[in-house]
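Me: I would like to learn how to read a protein model step by step, beginning with the whole chain and ending with single side chains. Could you take me through it slowly?

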Amino acid sequence: MSTNLSLDNEVIADVAELVLNAVEPNQLEPGGYYVVVAGGQPHRIDLTGPEFQDLPKRKAGTTTVRDVASFASYWGKHSVAASEVYADRDRLTVTAVLDAHGGTTPNWGGHRLVLALKHSSAWTAWKGADGREMTQAAFAEFLEDNRADISRPTAAAMLEVAQSIQAVSKVDFASGFRLVDGQRRLTYTETIDAKAGQRGELAIPAEIVLRLPVFNGATVGDELTARFRHRIADGQLRLSYRLDRPDDVVDAAFEGVVSEVAEQCAATVLRGTPA
């Protein structure tokens, strides 16, 4: 009895295989979800993904821009009533969630626009050398290379200062004092054939005022003060400067960017980062 049952099962399996092999293959349509039997086992075929569609069902992805004008242009093209904007000072970013949740209506939150601010080359140069002691030659060269960023004294006056610093490189400095007009005057003795030579003084301003863009793409420069410092060791002069509260200048520049975004996009800017 069991032998006949086993033979019957084998016959059924053979017939089923013949039937399946006789079925004409059908082309599956994109956008559907199918279950097919192959080798006696069901297999799922998912053709609902965006790669099988002529167009995606929704906008997604993150676009990164570098200035407010580009941010406002993209926002104007893709924003809707529920779109949100967030500003993060620590990351120096402004992020728009273009498909944000709208009231009680949930949304995907997967289409985003990021304004990723980068410091300008001028800011990087002055901030990078902040507090770093330099030789006379290196300091004079730095002033010459970056004098276009100096608002006061004039660029011509700072060029004279740089040239005067270079001109007295082979001297022994003795002391320095501050004048009533704010300048610092450094006394030195010129060395000629290893003998004491002519005495002289080198005058440098106590501080300078810089005007430079903090971020790339900025349309106006931000103002900050650099205070000159000097140190005399074994007759050798070392010069440096200290920027006056540079973090406050970055804060003010970032707030300026946020205000521009709010104005050009007619949007309320939230503080923080989106989920």
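Reply: What follows goes from the chain as a whole to its sheets, then to its aromatic rings and a few single residues. This is a predicted model, in which local features need pLDDT of at least 70 and side-chain atom pairs count only at pLDDT 80 or more, while totals for chains, interfaces and linings use all residues. Residues are numbered from 1 along each chain as its sequence is written, and side-chain values use heavy atoms, with hydrogens and water left out.

Me: How many helices and strands does the chain have?

Reply: Helices (H or I, at least four residues) and strands (E, at least two) are DSSP runs, numbered from the N terminus. Read in that way, the chain has six helices and 14 strands.

Me: What share of the residues is buried, and what is the accessible surface of the chain?

Reply: A residue is called buried under 20% relative accessible area, exposed over 50% and partly exposed in between, with a 1.4 Å probe and protein chains only. Of the 275 residues in this chain, 34% are buried. Accessible areas come from the Shrake-Rupley method with a 1.4 Å probe, and for residues only the protein chains shown count as cover. The accessible surface of the chain comes to about 17100 Å², and 51% of that belongs to carbon and sulfur atoms. You can also look at contacts, meaning heavy atoms within 4.5 Å: among those in the chain with a separation of 6 or more, 49% are between residues 24 or more positions apart.

Me: How should I read a sheet, and which strands form the one with mixed pairing?

Reply: Strands of a sheet pair through backbone hydrogen bonds, either parallel or antiparallel. Two strands count as paired if DSSP finds at least two bridges between them. Here, five strands form an open sheet with mixed pairing, in the order 3-6-5-4-14. Its edge strands, strand 3 (61-65) and strand 14 (269-271), each pair on one side only. From one strand to the next, the twist averages 25°, where axes are lines fitted to C-alpha atoms, for helices over the stretch in contact, and angles run from 0 to 180 degrees between N-to-C directions. Strand 4 and strand 14 pair in the parallel sense over three bridges, and Val85 has Val269 in strand 14 as its bridge partner.

Me: Which helices lie across these strands?

Reply: Helix 2 (residues 68-78) lies across strand 3, strand 4, strand 5 (93-97) and strand 6 (111-116), and runs at about 170° to strand 6. Helix 6 (residues 246-265) lies across strand 4, strand 5, strand 6 and strand 14, at about 145° to strand 14.

Me: What is the strand order in the sheet with antiparallel pairing?

Reply: That open sheet has four strands in the order 7-11-12-13. Strand 7 and strand 13 stand at the edges with a single partner strand each, so one side of each has no neighbour in the sheet. Two bridges join strand 7 (residues 150-152) to strand 11 (residues 207-212), and Arg152 stands opposite Val209 in strand 11. Strand 11 is joined to strand 12 (residues 222-233) by six bridges; in strand 12, Arg227 is the bridge partner of Glu207, and Glu223 is that of Arg211. Helix 4 packs on the sheet, where it touches strand 12 and strand 13, and its direction makes about 35° with that of strand 13.

Me: How are aromatic rings compared, and how many aromatic pairs are there?

Reply: A pair of aromatic rings is described by the distance of the centres and the angle of the planes. Rings of Phe, Tyr and Trp (its six-membered ring) pair if their centres lie within 6.5 Å, and planes under 30 degrees apart count as stacked, over 60 as edge-to-face and the rest as tilted. By this rule there are four aromatic pairs. One of them is the edge-to-face pair of Trp126 and Phe142, at 4.9 Å centre to centre with 80° between the planes. This pair links distant parts of the chain, since Trp126 is in helix 3 (residues 121-128) and Phe142 in helix 4 (residues 136-145), 16 residues apart.

Me: Why is the pair of Phe142 and Tyr241 stacked?

Reply: The ring centres of Phe142 and Tyr241 are 5.8 Å apart and their planes are at 25°, so the pair counts as stacked. Tyr241 is in strand 13 (residues 236-243), 99 residues apart from Phe142. Ring pairs thus link Trp126, Phe142 and Tyr241 into a cluster.

Me: Are Trp126 and Asp88 buried or exposed?

Reply: Trp126 is buried, with a relative accessible area of 1%, and Asp88, in strand 4 (residues 84-88), also counts as buried, at 12% relative accessibility. Leaving aside its neighbours within four places in sequence, Asp88 is in contact with Thr93, Phe254, Gly272 and Thr273.
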